[in-house]
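Welcome, and thanks for taking a look at this one with us. Please open the sequence and the model side by side before reading on.

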Amino acid sequence: MKKVLVLNSSLNGENGNSTKLTNTFVSQLTEKDQVTITQRDLSSNAIAHLTQTEMAAWMTDANERSDEQKALAAISDELIGELNDNDLIVIGMPMYNFGIPSTFKAWIDRIARAGITFKYTEQGAVGLVENKKVVVLAARGGVYQGSDIDTQTKYLKDVLGFVGMTDVDFIYAEGLAMPGAEQSLEAAQENIKKFVAAL
Ligand SMILES: Cc1cc2nc3c(=O)[nH]c(=O)nc-3n(C[C@H](O)[C@H](O)[C@H](O)COP(=O)(O)O)c2cc1C
């Protein structure tokens with residue numbers, strides 16, 4: 001049975017366009033396959049910014065951690081465990097101020113951990129998160145796909161690839177603050193249906 005992790009980051013909860021896209025994905029997938037779905041809302045259940053104290057907890061041997069350090073290390077351990085436990089990662093990705101939501105960045109800061117999800121060798125960095133398929137469902141007010149301004153897509157490919165997740169597809173709903181927004185959202189939902197049918 002396929003195990004699916006759905007990560008949402010919209011400030012608008014269930015009304016968010018990116019959430020609507022992940023909901024479409026999940027409803028199509030559950031109609032088609034027997035799957036286990038784990039949902040994590042990084043906006044309503046936000047993770048704090050990474051701090052020096054939390055990083056120090058990672059660096060401390062697990063047997064020597066104080067109670068505070070145990071609690072801090074558990075944040076990243078849980079998120080990495082959840083990631084490793086799933087095969088398909090579905091990311092609802094709003095564009096906020098030309099980038100990813102800061103709440104999603106806080107997730108990245110916890111799952112990118114030296115010696116656990118990547119390591120450095122003489123040949124350079126090697127990602128240790130293997131056998132994942134990732135689908136990014138991107139919602140944007142403007143239209144940027146394929147242009148130099150779309151640094152969000154490049155960043156996500158780079159950072160996910162860095163930890164080993166190199167099989168990453170993108171489906172875009174763009175122009176959602178422009179005339180024709182409804183049609184753009186519907187077109188993206190159709191693309192999701194085709195994508196899921198081909199899985
Ligand atoms: C704080 C904020 C910043 C935004 N910045 C951008 C932006 O830089 N480029 C863009 O195309 N749209 C921008 N938008 C519009 C969102 O990308 C659009 O509303 C999209 O639907 C967001 O996803 P969501 O509905 O799932 O929250 C911004 C929206 C908000 C609330």
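Here is a short tour of the sheet, the hairpin, the helix contacts and the ligand surroundings.

Keep in mind that this is a predicted model. Its open sheet has 5 strands with parallel pairing, and 18 residues surround the ligand. Helix H1 is a good element to follow, as H1 gives the most to the shell around the ligand and its axis also comes within 9 Å of that of helix H6.

**The parallel sheet**

- Reading across the open sheet, the strand order is S2-S1-S3-S6-S7.
- Strand S2 (35–41) and strand S7 (168–173) are the edge strands, each pairing on one side only.
- Direction ignored, neighbouring strands of this sheet are turned by 15° against each other on average.
- Strand S1 (residues 2–8) pairs with S2 in the parallel sense, and 7 bridges link the two.
- If you would like a pair to find on screen, leucine 5 has threonine 38 in S2 as its bridge partner.
- As background, strands of a sheet pair through backbone hydrogen bonds, either parallel or antiparallel.

**The antiparallel hairpin**

- Strand S4 (residues 118–121) and strand S5 (residues 124–127) run antiparallel and are joined by 4 bridges.
- The hairpin that joins S4 to S5 does so through 2 residues.
- Opposite lysine 119 you will find valine 126 in S5.

**Helix H1 against helix H6**

- The axes of H1 (residues 17–32) and H6 (residues 181–197) come within 9 Å and cross at roughly 30°.
- Angles under 35 degrees count as roughly parallel, so H1 is roughly parallel to H6.
- The crossing of H1 past H6 is right-handed.
- On the H1 side, the contact is made by Asn17, Lys20, Leu21, Thr24, Phe25, Gln28, Leu29 and Lys32.
- H6 brings Leu185, Ala188, Gln189, Ile192, Lys193 and Val196 to this contact.
- Sorted by class, the contact of H1 with H6 has 7 nonpolar, 4 polar and 3 charged residues.

**Helix H3 and its two partners**

- The axis of helix H2 (residues 52–59) comes within 8 Å of the axis of helix H3 (residues 67–84), and the two cross at roughly 90°.
- H2 and H3 are therefore roughly perpendicular to each other.
- Thr53, Glu54, Ala57 and Trp58 of H2 make this contact with Gln69, Leu72, Ala73 and Ser76 of H3.
- The residues in the contact of H2 with H3 comprise 4 nonpolar, 3 polar and 1 charged.
- H3 also meets helix H4 (residues 102–111), with axes that come within 8 Å and cross at roughly 90°.
- H3 and H4 are therefore roughly perpendicular to each other.
- From H3, the residues Ile75, Ser76, Leu79, Ile80 and Leu83 meet Trp107, Arg110 and Ile111 in H4.
- The contact of H3 with H4 divides into 6 nonpolar, 1 polar and 1 charged residues.
- Ser76 of H3 is worth a look, since it is listed in the contact with H2 and also in the contact with H4.

**Around the ligand**

- Of the 18 residues that surround the ligand, the closest are Ser10, Gly16, Ser18, Pro94 and Gly141.
- H1 gives the most to this shell, with 3 residues.
- The shell around the ligand has 8 nonpolar, 9 polar and 1 charged residues by class.

Definitions and conventions
Residues numbered from 1 in each chain as written. Predicted model: local features only at pLDDT ≥ 70, side-chain atom pairs only at ≥ 80, totals over all residues. Axes fitted to C-alpha atoms, helices over the stretch in contact; angles between N-to-C directions. Parallel < 35°, antiparallel > 145°, perpendicular 65-115°, else oblique. Left-handed = near helix turned anticlockwise from the far one by under 90°. Contact = placed C-beta atoms within 7 Å. Nonpolar A, V, L, I, M, F, W, Y, C, P; charged D, E, K, R; others polar. Near = placed C-beta within 6 Å. Pairing = 2+ DSSP bridges.
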